[in-house]
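Open your viewer and get a selection box ready. Below are the stops of a short tour, each with something to pick and something to look for.

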Amino acid sequence: MDLHDDMLGHPADILAWYLDAGVDEAIGEEPLDRYALVKAAQAQRTAQAEAMLKESRTEQDAKPTPQKPGRGTPAPSLAQVRPADTGVGEEAMKSAVDLAGAAKSLDELREALEGFDGCPLKKTAMNLVFGDGDPDARIVFIGEAPGADEDRQGIPFVGASGRLLDKMIGSIGLQRADVFISNTVFWRPPGNRTPNQGEIAVCLPFVERIIELIDPAVLITVGGPATHSLLAQQGSVSRLRGRWFTYETPRMSHPIAASAIYHPAYLLRTPAQKRQAWSDMLGIKAKLAENP
Ligand code: URA
């Protein structure tokens, strides 16, 4: 008997040894290489992480390039903001540009949007949320996207965020009826998710047309998505707020002053930032006074 035989012993002794060690149940017919299972799971996670990284790089590459603020900072081109996989096709983009460009008034623009099926958000929303306020306003606010209350009523900023935005507007002596309010997209994203680049891009010609038709003295972007898409600025609103940019489209005869403010939903979650938000509103008041 060699050492090996001696170590293994009789099968009954081996079973007794297992029993003593608490192993009293046979789980599988075949032995299982758990080290191999762990390795396979690790490989799968690595592959998944690599795929996600690749996807996010594709999205990054498709984002508008940051531009220096200056005279007539151009709106990003549609090709810059639309990644290929957002459910928005070339045809929809072209149709958006044509329909928006043909509208001669806000009523015509709203009508064009009502008949436009190129934004996938329309399929899941209850109502079009076009915009609200004075068609001759001197100031236009563009927010992110309608939420549940806005979707139900077809009017932007009517929920909790809207009530705070009304107060912010009131703080500079204006009322909601004195300004015009809209969003980067005209339908509620399901579950209130952030609209994707394609959804924003296909709505952009209509948003631009709202601004062109109103021709305000001042444009205010409310929150990140509106700031990034309209002002062609990257980075957080906390870094961009309080600064003035210019906004101009090829159809506008002159650039207008534009600035970003915190989204009221963010202020409701982070009341400590309200002081800055109120100071931004005073900056807006001063800018309006400069541009009578
Ligand atoms: N948040 C927005 O950005 N827009 C709305 O219309 C409502 C809430």
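Start with strands S5 (245-247) and S6 (256-261). Three bridges join S5 to S6, and these two strands run antiparallel. Show Thr246 as sticks and you will find Ala257 of S6 standing opposite. One thing to keep in mind as you click around: this is a predicted model.

Stay on S6 and colour its residues by side. Ile256, Ala258 and Ala260 point one way, while Ala257, Ser259 and Ile261 point the other way. That is in keeping with a general habit: in a regular strand, side chains alternate between the two faces of the sheet. Is S6 enclosed or open? Six of its six residues are buried, so S6 is largely enclosed by the rest of the structure.

Now select residues 218-222, which make up strand S4. S4 and S6 run parallel and are joined by five bridges. Two pairs make good landmarks here: Val218 stands opposite Ala257 in S6, and Val222 stands opposite Ile261 in S6. Turn S4 so that you look along it: Val218, Ile220 and Val222 point one way, Leu219 and Thr221 point the other way, and all of them are buried. With five of five residues buried, S4 is largely enclosed by the rest of the structure, which is why you may want to hide some of its surroundings.

Next, add strand S2 (139-143). Which way do S2 and S4 run, parallel or antiparallel? They run parallel, with four bridges joining them. Label Ile139, which stands opposite Val218 in S4.

From the strands, move to the largest nonpolar core, which has 43 residues. Select Phe130, Phe186, Trp187, Val202, Phe206 and Leu219, the members that touch the most other members. Several elements each supply at least two residues of this core, including helix H5 (90-102), helix H6 (106-114), S2, S5 and S6. Helix H9 (197-214) is another of these elements, and the largest share, 10 residues, comes from H9. In soluble globular proteins, nonpolar side chains tend to be buried together.

Zoom in on Phe186. Leaving aside residues up to four places away in sequence, Phe186 touches Leu113, Asn127, Leu128, Val129, Phe130, Pro146, Cys203, Phe206, Val207 and Ile210. Apart from the largest core lies another one, of 23 residues; pick out Ile172, Ile220, Val222 and Ala277 among its members.

Your next stop is the largest pocket, which holds about 500 Å³ of space. It is lined by 27 residues, and Glu144, Ala145, Ser161, His263 and Ala265 lie nearest its centre. Helices H7 (148-153), H8 (160-170), H10 (224-231) and H12 (264-269) are the elements that give two or more residues to the lining. Colour the lining by residue type: 10 are nonpolar, 12 polar and five charged.

Finally, zoom out. The protein's secondary structure comes to 13 helices and six strands. Of its 292 residues, 41% count as buried. Among contacts with a separation of 6 or more, 73% are between residues 24 or more positions apart.

Conventions
Residues are numbered from 1 along each chain as its sequence is written. This is a predicted model: local features need pLDDT of at least 70, side-chain atom pairs count only at pLDDT 80 or more; totals for chains, interfaces and linings use all residues. Side-chain values use heavy atoms; hydrogens and water are left out. On a 1 Å grid over the protein atoms alone, a cavity is a set of points where a 1.4 Å probe fits but cannot get out, and a pocket is an open set with protein on both sides within 12 Å along at least five of seven lines; lining residues have an atom within 4 Å of a point. Grid points are joined across faces, edges and corners, and a volume is the space filled by probe spheres set on the points. Ala, Val, Leu, Ile, Met, Phe, Trp, Tyr, Cys and Pro count as nonpolar, Asp, Glu, Lys and Arg as charged, and the others, Gly among them, as polar. A nonpolar core is a set of buried Ala, Val, Leu, Ile, Met, Phe, Trp, Tyr and Cys residues joined through side-chain atoms within 4.5 Å. Buried means under 20% relative accessible area, exposed over 50%, partly exposed in between (1.4 Å probe, protein chains only). Contact means heavy atoms within 4.5 Å. Two strands pair if DSSP finds at least two bridges between them.
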